[in-house]
Amino acid sequence: GAKKGILIRKGEAIQTMKEIKIIVFDKTGTITKGKPEVTDIKSNVKENYLLEIASSLENLSEHPIAKAIVQKAEKEGIKKYKAVKAFKVLRGRGVEGYIGNKEIIIGNQTLMKERRVSIKGWEEIIDKYESNGKTTMIVCEAGKILGVIAVADAVKEDSVKAISLLNAQGYRTVMITGDNQKTAEAIAQEVGIKEVIANVLP
C-alpha cells in the first residue's frame with residue numbers, strides 16, 4: 001500500500017475494509033487534476049478590465065480557481081493589480097473586497113443570492129457553461145454584474161477506469177463537491193458516477 005501511496009494508519013482499517021459498500025470521492029484533485037484553467041469569458045465591459053478587477057482580488061486567494069484567473073490575467077498581459085481593501089475569502093462561495101470605493105464580489109450563484117445581486121440576463125450563459133462541466137465565477141462591481149468567468153478542471157486519465165472497476169464490483173460510488181449541481185453532474189457523468197452531493201461547504 002505504501003509503495004502505491006496509500007496510507008493505512010491502523011491494522012483495524014484493513015480488517016474493516018471488507019465491510020465497505022460505498023466509496024465517496026472528492027471532485028477537485030481526486031477525480032479531476034486539480035489544475036483548473038479559464039476556458040471562457042463573457043463580459044459586459046472590456047475583457048481586460050474584467051480580468052484586471054478579478055485578478056486584483058483573486059491574487060490574494062489561495063484557491064485553485066483563483067490561481068487559474070490570475071494565470072489568465074498574466075497571459076493577457078496584466079502585470080499590475082489594483083489595490084484592494086477589506087479583502088475577505090467567503091469559504092465555498094467566493095471572495096469580496098473594495099477597489100477604491102466600489103464593492104467587488106466574485107463568486108458563485110449562492111453568493112449572488114446572498115448579496116441580492118440579480119443574475120437576470122446571465123442565466124443562459126451560466127447554464128451553458130455549467131452543463132459542460134465548467135465552474136462559473138460571477139464578477140460583480142457595485143451591485144452590477146460585469147461578466148462571468150468559466151473555469152474547467154480536466155478529469156484525470158485514470159478516473160474513468162478506476163470508477164468503472166469499482167462500479168463493476170458492485171460498490172456504490174458517490175462524488176462530493178463544493179461545486180454547483182450542474183457542473184458536478186456533468187463531471188460525474190463523464191466518469192460514470194451516478195450519485196452527486198454538490199454545493200457542500202469546506
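These are my notebook entries on a predicted model, written as I looked things up.

**Entry 1: the whole chain**

I started with the overall make-up and counted 8 helices and 9 strands in the protein chain. The C-alpha trace spans about 60 × 35 × 30 Å along its principal axes. Of the 202 residues in the chain, 40% are buried. I then asked how the contacts are spread along the sequence: taking those between residues at least 6 apart, 59% join residues at least 24 apart.

**Entry 2: the largest pocket**

Next I went to the largest pocket, whose volume comes out at about 890 Å³. Which residues lie nearest its centre? I noted His63, Ile65, Gly92, Gly178 and Asp179, out of a lining of 43 residues.

I also wanted to know which elements contribute to that lining. Those giving two or more residues include the helices H2 (27–31), H4 (64–75), H5 (109–114) and H8 (181–191). Strands E3 (85–90), E4 (94–99), E6 (135–141) and E7 (144–152) are on that list too. H8 gives the largest share, with 4 residues. By residue type, I have the lining down as 18 polar, 15 nonpolar and 10 charged.

**Entry 3: H6 against H8**

Since H8 had come up in the pocket lining, I looked at how H8 packs with helix H6, residues 123–131. Their axes are 7 Å apart and make an angle of about 25 degrees. Angles under 35 degrees count as roughly parallel, so I wrote H6 and H8 down as roughly parallel to each other.

Which residues meet here? From H6 I listed Asp127, Glu130 and Ser131, and from H8 Lys182, Thr183 and Ala186. The residues of this contact divide into 3 charged, 2 polar and 1 nonpolar.

**Entry 4: Thr32 and Lys156**

Thr32 caught my eye in the loop between H2 and strand E2 (37–43). Buried or exposed? Thr32 has 0% relative accessibility and so counts as buried. Beyond residues up to four places away in sequence, Thr32 touches Lys27, Asp153, Ala154, Val155, Lys156 and Ile187. I also checked Thr32 against Ala152: the two are 120 residues apart along the chain, with their C-alpha atoms separated by 9.6 Å.

From there I followed the contact to Lys156, which sits in the loop between E7 and helix H7 (159–168). Lys156 has a relative accessible area of 26%, so I noted this lysine as partly exposed. Leaving aside neighbours within four places in sequence, Lys156 is in contact with Gly29, Thr30, Ile31, Thr32 and Lys33. Having met Asp127 in the H6 and H8 contact, I looked up the distance from Lys156 to Asp127 as well: 24 Å from C-alpha to C-alpha, for 29 residues of separation in sequence.

**Entry 5: Val139**

Strand E6 appeared among the pocket elements, and Val139 is found in that strand. Where does Val139 stand on burial? I have Val139 as buried, with a relative accessible area of 0%.

The contact list for Val139, leaving aside neighbours within four places in sequence, runs as follows:
- Leu50, Ile53 and Ala54 are in contact with Val139.
- Ile105 and Ile106 are in contact with Val139.
- Lys144, Ile145, Leu146, Gly147 and Ile149 are in contact with Val139.

I looked up Ser118 too: Val139 and Ser118 are 21 residues apart along the chain, and their C-alpha atoms are separated by 12 Å.

**Entry 6: positive phi**

I finished with backbone angles. Ala142 is not a glycine, yet its phi is positive, at about 50 degrees. I found Ala142 in the loop between E6 and E7.

Asn199 is another non-glycine residue with a positive phi, about 55 degrees. This asparagine is in the segment after strand E9 (195–197). At 44% relative accessibility, Asn199 counts as partly exposed.

Key
Residues numbered from 1 in each chain as written. Predicted model: local features only at pLDDT ≥ 70, side-chain atom pairs only at ≥ 80, totals over all residues. Heavy atoms only, no water. 1 Å grid on protein atoms, 1.4 Å probe; cavity = no way out; pocket = protein on both sides within 12 Å on 5 of 7 lines; lining within 4 Å. Points joined across faces, edges and corners; volume = space filled by probe spheres on them. Nonpolar A, V, L, I, M, F, W, Y, C, P; charged D, E, K, R; others polar. Axes fitted to C-alpha atoms, helices over the stretch in contact; angles between N-to-C directions. Parallel < 35°, antiparallel > 145°, perpendicular 65-115°, else oblique. Contact = heavy atoms within 4.5 Å. Buried < 20%, exposed > 50% of the residue type's maximum accessible area, 1.4 Å probe, protein only.
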